[in-house]
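Here is a short tour for anyone new to reading protein structures. Take a look at the picture, then follow the points below one topic at a time.

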Amino acid sequence: MTEALVELRRVTINFDNRPVVDQVDLRVQRGDIITIIGPNGAGKTTLIKAVLGIQPISDGALTMAQGLTIGYVPQHLTLESTLPLSVKRFMLLSGRSHQECREALAKTGVDHLLDASVHHLSGGEKQRLLLARALARRPDLLVLDEPAQGVDINGQAALYDLIRNLRDDLNCGVIMISHDLHLVMAATDKVICLNQHVCCSGYPADISHDPAFIETFGRPVAESLAVYHHRHNHSHDLHGDVVSGDHDDAHGECSHAHH
Ligand SMILES: Nc1ncnc2c1ncn2[C@@H]1O[C@H](COP(=O)(O)OP(=O)(O)OP(=O)(O)O)[C@@H](O)[C@H]1O
């Protein structure tokens, strides 16, 4: 089996003797794009912090590949607004060379903003800048905490495309948190639905039918997500079991509604 970049085995993290992350298994390899979804307070950020090595674990085991370089993209860029700071200066603060910084900015499509003030960037430009800073480290693993926050819907789709391209380019692994279920379902490889423990995990097409997913997010959400994966020739009942055998149409798309 390919070596894991990071592997968690039955990891538990307690706060005040309460498990916030409960016996979670997770394995990220090169080429993976894994998205963690789950309700507020489900333990997503805590889990990501454990992967980053900044959150001690209470139980279980966490192993990282030797010499692993992680690029981290936080939710927001928080900077002292009175401090004048250009994009170039911000990038150079990462300690990488001018050339590496320029290349990283070009990869995320914001190299034309080199001399702009970081305070004047739009939400989408800021996210691309943060991504560029993470890339400048040439990471083996990219960790993103809600990368599409504050980005409009077209910008979000473009950002997910970019993340996929960067994964191909760098041959890195990607693990991210997202609240945008529609985008996740349309654009991610593998999803982990977390609610302290792993409720369900797998490919988007499969987990939107998983009873644990339906219980966590509700039937209307699950139904609205099924629209992205109309390649089934069957329906599921409440328990996720197959209940009918409708046939595909000429395009291989399904010919029924999901209930
Ligand atoms: N350092 C801490 N000490 C005590 N409790 C904490 C600490 N950090 C997080 N928690 C609690 O752990 C739980 C999970 O928090 P976490 O931030 O991991 O959730 P999340 O899934 O990322 O939520 P959201 O979607 O709202 O960002 C919450 O109840 C939170 O209050």
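Helix α1, made of residues 44-52, contributes the most to the shell around the ligand, giving three residues. Keep in mind as you explore that this is a predicted model.

**Around the ligand**

- Which residues surround the ligand? They are Phe 15, Val 20, Gly 38, Asn 40, Gly 41, Ala 42, Gly 43, Lys 44, Thr 45 and Thr 46.
- Sorted by character, the shell around the ligand holds six polar residues, three nonpolar ones and one charged one.

**The sheet of three strands**

- Here is some background for both sheets: strands of a sheet pair through backbone hydrogen bonds, and they can do so in a parallel or an antiparallel way.
- One open sheet has three strands in the order β2-β1-β4, and their pairing is antiparallel.
- Why do β2 and β4 each have one side without a neighbour in the sheet? Both β2 (18-28) and β4 (59-64) stand at the edges with a single partner strand, so one side of each is left free of a neighbour there.
- From one strand to the next, the twist of this sheet averages 25 degrees.
- Strand β1 (residues 6-15) runs antiparallel to β2, and seven bridges join the two.
- To find one of these pairings in the picture, look for Val 6, whose bridge partner in β2 is Val 28.

**The sheet of six strands**

- Another open sheet is built from six strands in the order β5-β6-β7-β3-β8-β9, this time with mixed pairing.
- At its edges are β5 (70-73) and β9 (197-202), each of which pairs on one side only.
- Ignoring direction, neighbouring strands in this sheet are turned by 15 degrees against each other on average.
- Strand β3 (residues 33-37) and strand β8 (residues 190-195) run parallel, joined by four bridges.
- Within this pair, Thr 35 stands opposite Val 191 in β8.
- Helix α4 (residues 123-135) packs on the sheet, where it touches β5 and β6 (141-145). The direction of helix α4 makes about 165 degrees with that of β5.

**The whole protein**

- How many helices and strands are there in the protein? There are nine helices and 11 strands.
- Of the 259 residues in the protein, 35% are buried.
- Take the contacts between residues at least 6 apart in sequence: 64% of them join residues at least 24 apart.

How values were computed:
Residues are numbered from 1 along each chain as its sequence is written. This is a predicted model: local features need pLDDT of at least 70, side-chain atom pairs count only at pLDDT 80 or more; totals for chains, interfaces and linings use all residues. Two strands pair if DSSP finds at least two bridges between them. Axes are lines fitted to C-alpha atoms, for helices over the stretch in contact, and angles run from 0 to 180 degrees between N-to-C directions. A residue is near a molecule or strand if its C-beta atom, placed from the backbone, lies within 6 Å of it. Ala, Val, Leu, Ile, Met, Phe, Trp, Tyr, Cys and Pro count as nonpolar, Asp, Glu, Lys and Arg as charged, and the others, Gly among them, as polar. Two residues are in contact if their C-beta atoms, placed from the backbone, lie within 7 Å. A residue is buried if 20 or more other C-beta atoms lie within 10 Å of its own, exposed if 12 or fewer, and partly exposed in between; C-beta atoms are placed from the backbone.
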